[in-house]
Structure formats: C-alpha cells, structure tokens
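Biologist: Before I use any of these terms, I would like to know what stands behind each one. Please give me the value and the cut-off each time.

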Amino acid sequence: MARPGTTRSLGSPSPPSRTGPLGQFPDSTPDWNNLQVLHRNTLLPRSDFFVYGNAEDALAYDPAKAKCLCLSGQWKFRLSPSPFEGPRDFWIAGFNASTWDDIAVPGMWQCQGFGRGPHYTNYRYPFPVDPPHVSYSHNECGRHITSFHIPNHYVGHQLRLRFEGVDSAFTVWLNGLYVGYSQGSRNPSEFDITALARVGDNECNETDKDTDKANVNILAVEVYQRCDGSYIEDQDQWWLSGIFRHVYLHAFPECHLEDLHIQPLLDDDYVDATLVVDLTMTGTIAETIPISVELVDAHGQCISLEIKYLDPSDTTTTHSHFKLRIVDPHKWTAESPYLYTLLVNIPGGVVPQRIGFRRVEIRDSVFRVNGNPVKLRGVNRHEHHPDAGRAVPYEFTEQDLLLMKRHNINAIRTSHYIQDPSLCDLADELGFWVLDECDLECHGFVSVGGDPAKFTSDNPDWEPSYLDRARQMVARDKNHPSVLIWSLGNESFYGRNHKAMHDLIQTLDPTRPVHYEGDWQTESVDMHSRMYLPVDGLLDFGRQKGAKLPLVLCEFAHAMGNGPGGVKEYIEAFYEYPLLMGGFVWEWANHGLRTKTPDGEEYMGYGGDFNDEPNDKNFVMDGLCFSDHTPSPGLVEYAKAIEPVQTLGLEANEVTIVNRYDFLTLDHLTCTYGIVAEGEDDAKTDMTQTNLEIPKGIKPHTKAVLRLPNLPSPPHKERESYLHLRFTLSQPTNWALAGRQVAWAQLQLSKPAPLPKPLLCPPPPGAVSITQDSPSTLSVTSASGSTTWGFNLPLGTLASLTRHGHQLLTAPFTIDLYRALTDNDRGGRFGKEWHQSRLHQTETHVQDVKWSSSSSSSSSTQRHGLHIQIRSKIAPPALSWAVDLVTTYHVRGDELHIALEAEPPPHASPLHSPTTFARIGFTAGVGGVAKVRWWGRGPGESYRDKKMSQAFGTWERSVDELFVDYEFPQEGGNRTDVRWVEFLGRPCGGHGCGPCGAAGNQGTGTPQLQRLLRARFGDLEGASFSASHYATADLDACEHPYELHGRRRNDTLVRLDWAHHGLGTGSCGPDTLPEYQLRADKGFTFALLLD
C-alpha cells in the first residue's frame, strides 16, 4: 500500500530524485522511514497456495512439484552500518559481487556472524523513540544478491516473486530494474515481475546461449534492520534481521486464480454442510473457459464436483461463486483432524487447498466448536531456533508440534505474529486449535511517558499500518481449519485502530471470533482475555452470573526457569466453569542462541551475552522447553495437568475417571494396571501385565467407572503401595505410535509407615560408647563399633560420620532455611524478601548442649543409646530476628534419630523478618557418592506445587542425572514426597568412600555400589531431598552454566528437607499460592532417621 503521490513505477532504474535546494540529505524521505509508504508495487494479499500442473501433483501437496521455484539457498551478501553507506549501486546490471560474503537464505544475518549481533529486549525499544522515525545511522543494511534461471515452460505465465518474511523492510531489483518495496516483517510480500524477468533463452543473443549468462536473472534485495514498522514489532524476542523465510518464484497461468476463499459451513445441527467457495480470477478471457471445484476425501475419492464456465470479457478480474451441499462430512477437530482436499481446476493449472468441516462460535457464553464446549490447553509459540533465530526449518517446526501433541497440548497462540505458513499446514494435519495473531505489538511506549496508546494505536496516522497487518493475516490464513480465532496483536494498549482492525476482519471473515487482550471493555472483541490472572481471580470470573462473553487466558503460568508451579489449579478451574475457555502457557521454549565462551565452551546466550545494550538478560529464557527445544521438567508437569483422562479416586474395586477430551470417547485407548510398592525393584512392576476394560462410548467431559475384576493386594501391607493405571493409544496416529502413554494415575492402597520412636524400640545388643575428645568435640561410637558420629559442640553440628574407618562427610550437617533462588523467586516477592531478611546468611548459634543416657543409667557406655540436645538460634547478621531451635540427636545401635523443634516467633516480629522460609532441612557434604536410590516421587524433579507428573516408585539415578542444568543457574533437582533416600558409593573409592572389603562384581573386578548413608522421613508429607555437585552460593552467583561448571565440587552436597517452599510463577505472574508457601510465622516439629 502506498499513499497517493508516492507510487514508484515497476522497472524504474533508480529512485526518483527531488528538485529543490542545491544539496539535501537525504534527497528524499526513505520509504523505510516514511509512514505514508507501506508497500510499493506489491500484489494484493492472498491465501497461501501453490499452482500445480495436474491433479496428481496437486494431491501430493508438495511445493517441490508445483509451478514454482524456491530461490532459497546461498546468496551473496554485504552488510553496511546504514542504508546510506556501502555499495548503494549494487542492484545495477553487471555489478560484480563475487568477492562478497555468502549468507544462507532463509537466515538472520546476526546469527551468521554479521553486524552488531543479536539484541534482546522484553519491550524497551533498542533505538531512540521518535515514531515514525528511525535512525539514519544506526540502521544496519544487508544487501543480498542471487541469480536464477527460469525454465522455458514458464513462458506465457505471470511470474510472481514472493517473500514469505523479511525483517524489517526491503527494496527489490531484478536485472538492474526496480521491482518494489515492502515492510511488515512477518507478513508475505508478492511482486509481479513478468515484465522484468528473463525466461528461457528469450533474452539471450546467439553468443550467450551456450554460456552461463544465458537465461540468468539477477535478483538484488536491500534489507533494512529497522523501519517505521519496527515501532509496532516490539514483541519480546530477539531483534534480528534478514530474509528469514523462503523466497519463491511462482508461475501462474495467464488467466489465473488470484485468490480463493473457502467456507465449510455446518448447519445448526452440526451434521450437514454447505461448502462455499469464492474465486477471484485475473486475466483477459478470450474464449469460454471451464472452472471446476472438486472435493476429494482423504482416500482420494471425489465427494462433490461443480463446473462453471467463464465467458469472454474485457475485464481483467472476475469472481465465481460455488456452493456445494455436502451430506454429513467428516468433521475436523483438533482431536480428529480429518482433511478433505479441494481441487480448483483452471486452464493451465490446479490449485489444491486442504479443508476441514468445522464451525466455531460462542453460544450461551461458551466457546464451542461443532457445538461442543472446547477447552484450550495451549502454549504461546514464538518462532525460534537455537542457531538460526527466527529462520526456523520446516523439520524443526514439525518436531515442535509433534512434541506438543505428545505432551497433550491442543492449542497454539502464534505469539505475536503470523508464523511461517508451514505452521498452519501442520496444525491442520496434526490437529491444533490456533489463535492466529497479527504481527503487532508496541509495548515499548509504556516506558517513555504519556499515554502510550496515543503514539500509534489511537493515532489515525497509523491506521493504514494496523489495517494492513490485519488484512495480511486474514488473507493468508483464512482457509485453514485449525485457525479458530483472529487476534489483533499483543500489548498495544487500546485505541481506534484496533476498532478499525476488528471491523475490517469482520468484513473479510465473519466466521471466526476476534481476540485482543488489551480491550478490557470488549469493544472490539468477542471474548474477555487476561494475562497472568491469579487463580482466585479466574475462579471469580467463572462463578459470575449473566456474563455474555467467555474468558481466555492468553498468557498464564510463566514458565521461566524452574517452574511453573501451581499449574494444576488453573486446569481444574478451566474444567469446572463453562465460562472459562482455557489458556496458553507463556511460553513454549527458551530463546537462547547458541554461542561460545572465549575458551570455546558452548552455551545458550541471552540478553547481554552479545554486547547488546539495553537488554533484559534472561527474561527471554521462559519456556517449557530448553533452547534446543528438548522438554524441561515444566513441560512434563504441564502435560500431566492437561492429560485427557483424569482419575478421581478408588472406591472398593471401582475407579472413577473423567474423559477430558472435547470430542473423542475413550474407545481409542487401552488401560493397563499394576501395583507399585515400596521395596520393589522399580516403579514399572506389573505395569503392562493386566488389561482393564474401558467402557465404550464415554462422552467428552463426563465421568465413568472402571471396574477391577480383582483388586490386587499389596505385596506388603505394612509398606506404602499404589494402584498404577496407564492409558495408552490402541492404534498409531500421525503423531505417535501405538502404545504411547497419554495419561496415568496412582491411587494409594496402603499408607507409609511412620518413623519408629527410639525409646519404644527394643534396645539393640551392645552399648554406645561416648568420648569427649576435646572441649569442643564429642564422639559417639555405635555398639558394633562400625559407626562413629562426631559432634562439634560450639557449632552444634553433626561434623563427622565414620563408617568402618572411612570418613563420609566432607561438610557437616547444618540446619538450612535457604535455597538458591529460582527465576520465580528472583522475579517475585519471596526471593527479594529472603535476601532482604538475609536468609541466605543465617547460621546456627549454639546456646547450650546437653547429653545424657537414654535410660536412668549414667555410665559412659549406654545400651539404650545417647541423648544429645542442642538449644540454638538460627539468625542472620545485622538483623534481630531469629528462630529458636531445639535439636535432639538420639543414638541407638547404628542409627541416629534426629528431632527438630521450633517455637513460633513472637507476634511482634522484628524488622525484616521473613514471612516465609525457602526450606527447612539439613545440608551436608558426602564423599564418594555415585548414585542415589529413593522411594517417593520420581524419576524427575518435583516440588510441592510441581509434582503431579512424578510417580511414586523406587528410583535410582546418578548424582549428575539428578541435576537439572538450567540455562540460567538456579535451584533445581529436588525430589519431594520422599519416604527414604540412600546414597550409594564404591568402597575404597577415595576420600569419603564407603566401607572396604565388599565383594566385587564377578569377573569384572569392579566393586559393587554399597549404601553409604540412608535417611528416612517416615510418613511425613512433603519431605524432599536433593543431591548435586554445586553449592547454593555458587548457583546464586553464576549466571551461565559454563560459570557453574567451573565450580563443580568433587563431593556431593546432600540436602534433606522436611519442608520446602513452592515455586509459583512470580517471574511474571502470581507468586507461590498460599497453600504451597512455607510460612515462617508457625512453629514446627520434624524428625529424621539416619542409618
């Protein structure tokens, strides 16, 4: 689009000059700095389609068989600091670019080593804010050149040069002649180059026909890092530049299809359909020509066919309207994505479009598809690749969506721009609900003062820019069944231009509702939308009466670092209240870019790692996947929360379940069950041994009962055990093989045993030996003589533990109330409060220590054991708050019973007293640990508000396997709901190893792992442990994994926690929910058994 008076002719050799003064810079306002110019010589936006030579090729739906050339590949490239510097005449015919660099197209030049490098800001503009102007000097300019041949059989076709995405604006020349200009980074731009292109040998003289010059077209593209459109492309991602999506040369027949709009309209009973097809044809019709539309099913069978004839006409544009009545077609849903293919046959070509019959509406204040209520279990997805930035290969996008399907995700918000066309193709095929969002965000205006909406959103001068982005979105994606909702963009405040966008969209496509979070008064939208709404606010909305519009959470559960915590509560609310549509977790994946330290160590970089200022550091690392798009523990937890079969409980031999699919029954699933019991070898016991019949025809969102023919008895009734159910696919799908688990559950059959009370147990044989080695140390040796505990009396710590003459401890057992901060701690109030209260600097200060016999005897050797009581305070420096503790150690035999008791603090808390603790437990260093075995939740990381994805079982992992190497170092690797944990090592393996003399593995000479230490929590709910080679202070101090790896310890830091504070989503959203907070205003009593 260009305002009147700004059109530049196709084929102009150079930009027109301005008359006036003798000298002027620039000689005219550059298009990229001119709000009056959005496009020059671009064709009208259209739906995304390819023309094929025949129906067979069209049904293959493979662009490689279409009438087009993909021009992507290695291009020549030269970067200049600004558009006014460097070889400005590079587009002239005959220019020699042989010495230029090579660059990959698609590609971002910053990711290929050019320019100032990647730049990350959350919303702050990385340039002076003076809309619509951008800097003349700080605006890198990438000049690209490539050459290509056009085959002879393209003669007589309209040739269209199509750029699927260029950031941020660009000018094009072909064969030394001007083609046009366009902006709108994530939107396609298409030019008619028929008059400029050299096709076959037509442009070659006799001497050139057998040389490389024959048939060659030279394409020159000048890409600008920034333009006026950059002000509305401020989308919380890397600022990157280049031709980052494919470039195509399309060959359309002379009389060709300009656009098509397909509307598969279901009737009010959602049974039969009317297929409405509107075609726009361009080209002079010299004689009557046939046009047909044919609907073909998934097996290639023709379902319906209609033919029309176009009579000769002098007009160059004609419209054809088709209406096909389809009886009971297969319906398209995200759970059953049945696709038909519509073949549009025109002289000289066939255009295929995959379509799905579905109807989206908001009826009775409920969001529905095909009449059924639908819950969006979604994610926000940016385009990201760890090496290529936004130039994401098709295979990488496909793996993203397969990973989503395998983790029960059913919806994608294209944050915050329409994405590569392949995304919607894959969503149609695999089955996703898509909230398609305009390439629009101007959040940065919030930081410059004044009314941020007045800069662009409520400024009439910017209306054409806003409308252009809405038009581009609808035009390209309107025929995709996966696209359910149009979105007007993100975080752009609200103004008249949003209203104009809404009105335009309604004229282009009235069949889909419109979303925009910034319109809180719902003036231009069809639903309420909120970001990071607390659970109680969500419940309040769900309970309200008389609401006309439903609510979607376009962003929730900010998945930054170790988290998100408290997801389950959101999902339960979505399903409890019909007004709630569901939501989209922020976000799918971290945006780290692969880079290296000066020493060559690879890591994922974030804001500031590329000398980019200003920056927002690791706020770009906030996804459910790591930067290489492998799942984080947060994705595993989200998958569990949104699994399609929920198990409610066990009554006698009946298991109650809920079908959380929106359309499917459970007939496609198989259920198996078995018993998981403490003491069994692993958590897989009998998991696939017994099938359990699922009743047929369980309707969506309804309960059902599974009947166990014989409820198996736990192998040991005195031990904790669970009925474990697995729900798996009975047949393969296009996203998973048969046998893939989609849901699981555990139902408790028997409870854990409590810790034994030492004085109620029979006394062990022999007697404990006590020695005070010095005024500051006390040694206690077990009756067997194999174990000696050493206590530091002034410090009040268990300072040493010797087994068979080998010292196990490398650091004493100390009471700890602090953990390394997570991103959610650091970004929320709790982490700030912990540091303000100096929780990380607390130490134990002994008041007195007393030891005595556990019986009435006063001899120095005690058969009933030894009782050591330590009264102490845990307190930080500089402040007056403290925790009064009584720690009791009871030594009996080779066991050490530990009890911890704290009084509640006084009502008048001193200044900077913490309201919560991070944890309550012991930290100790243990040498020689190779593996850890435990009974409790596992095998993965878990916390009190992020644990439902981890099953009870007996698990075993190495210390390194327990550690989660977050891309920004932080607390991680905890395992919760643990009843016991044992640390295994090799005998005689070095400092702190286990006892000598054990038999090795037969024939290998390798000593077997033996138990060095075991901790038992009994039936305490929420008990946790972690084991790693990294100190808390080091996790806090380091900002990259490579820094942390340099501080790796040889020993293992063991943390045994009675209680642990939840994670929450405080990095950008609600803090830890009250029920998961570890309150500091309450007393506590805990116990632990070491043996």
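Biologist: What makes the approach of the Lys331 side chain to the backbone oxygen of Val271 a polar contact?

Modeller: A polar contact is a pair of N or O atoms within 3.5 Å; within protein, one atom must be able to donate a hydrogen and the other to accept it, and residues adjacent in sequence count only if both atoms are side-chain atoms. The side chain of Lys331 comes to 3.0 Å from the backbone oxygen of Val271, so the pair falls within 3.5 Å. The backbone oxygen of Pro329 is 2.7 Å from a polar atom of the Lys331 side chain. This is a predicted model, in which local features need pLDDT of at least 70, side-chain atom pairs count only at pLDDT 80 or more, and totals for chains, interfaces and linings use all residues. Residues are numbered from 1 along each chain as its sequence is written, and side-chain values use heavy atoms, with hydrogens and water left out.

Biologist: Where does Lys331 lie, and which residues is Lys331 in contact with?

Modeller: Lys331 is in the loop between β21 (317-326) and β22 (340-346). The strands, like the helices, are DSSP runs numbered from the N terminus: H or I of at least four residues for a helix, E of at least two for a strand. Contact means heavy atoms within 4.5 Å. With neighbours within four places in sequence left aside, Lys331 touches residues including Leu266, Tyr270, Val271 and Phe357.

Biologist: Why is Asn410 called buried?

Modeller: Buried means under 20% relative accessible area, exposed over 50%, and partly exposed in between, with a 1.4 Å probe and protein chains only. Asn410 has 5% relative accessibility, so Asn410 counts as buried. Asn410 sits in the loop between α2 (394-406) and β28 (411-413). Its side chain reaches the backbone nitrogen of Arg377 at 2.7 Å. Beyond four places in sequence, the contacts of Asn410 include Phe432, Trp433 and Asp662.

Biologist: Is Asn175 buried or exposed, and is Asp364 buried or exposed?

Modeller: Asn175 has 11% relative accessibility and so counts as buried. Asp364 has a relative accessible area of 59% and is therefore exposed. Asn175 has a positive phi of about 55 degrees although it is not a glycine. Asp364, also not a glycine, has a positive phi of about 55 degrees too. Asn175 is in the loop between β9 (169-174) and β10 (177-183), and Asp364 is in the loop between β24 (360-363) and β25 (366-369).

Biologist: How do you know that strand β3 and β6 pair?

Modeller: Two strands pair if DSSP finds at least two bridges between them. Five bridges join β3 (residues 73-80) to β6, and the two run antiparallel, so the requirement is met. Leu79 has Gly142 in β6 as its bridge partner. Nine bridges join β6 to strand β12 (residues 216-224), again antiparallel, and Thr146 has Leu219 in β12 as its partner. β6 (residues 141-149) is mostly covered, with seven of nine residues buried.

Biologist: What makes β41 and β44 edge strands?

Modeller: The open sheet of four strands has the order β41-β40-β43-β44, with antiparallel pairing. β41 (690-692) and β44 (741-750) each have a single partner strand, so one side of each is without a neighbour in the sheet. The twist averages 30 degrees from one strand to the next. Angles run from 0 to 180 degrees between N-to-C directions, and the axes are lines fitted to C-alpha atoms, for helices over the stretch in contact. β40 (residues 669-677) and β41 pair over three bridges, and Tyr673 stands opposite Thr690 in β41.

Biologist: How many cavities does a search of the whole structure find?

Modeller: Eight, counting those of 30 Å³ or more. The largest holds about 130 Å³ of space. Of the 16 residues that line the largest cavity, those closest to its centre are Asp167, Glu233, Trp239, Leu240 and Arg390. On a 1 Å grid over the protein atoms alone, a cavity is a set of points where a 1.4 Å probe fits but cannot get out, and lining residues have an atom within 4 Å of a point. Grid points are joined across faces, edges and corners, and the volume is the space filled by probe spheres set on the points.

Notes
On a 1 Å grid over the protein atoms alone, a cavity is a set of points where a 1.4 Å probe fits but cannot get out, and a pocket is an open set with protein on both sides within 12 Å along at least five of seven lines; lining residues have an atom within 4 Å of a point.
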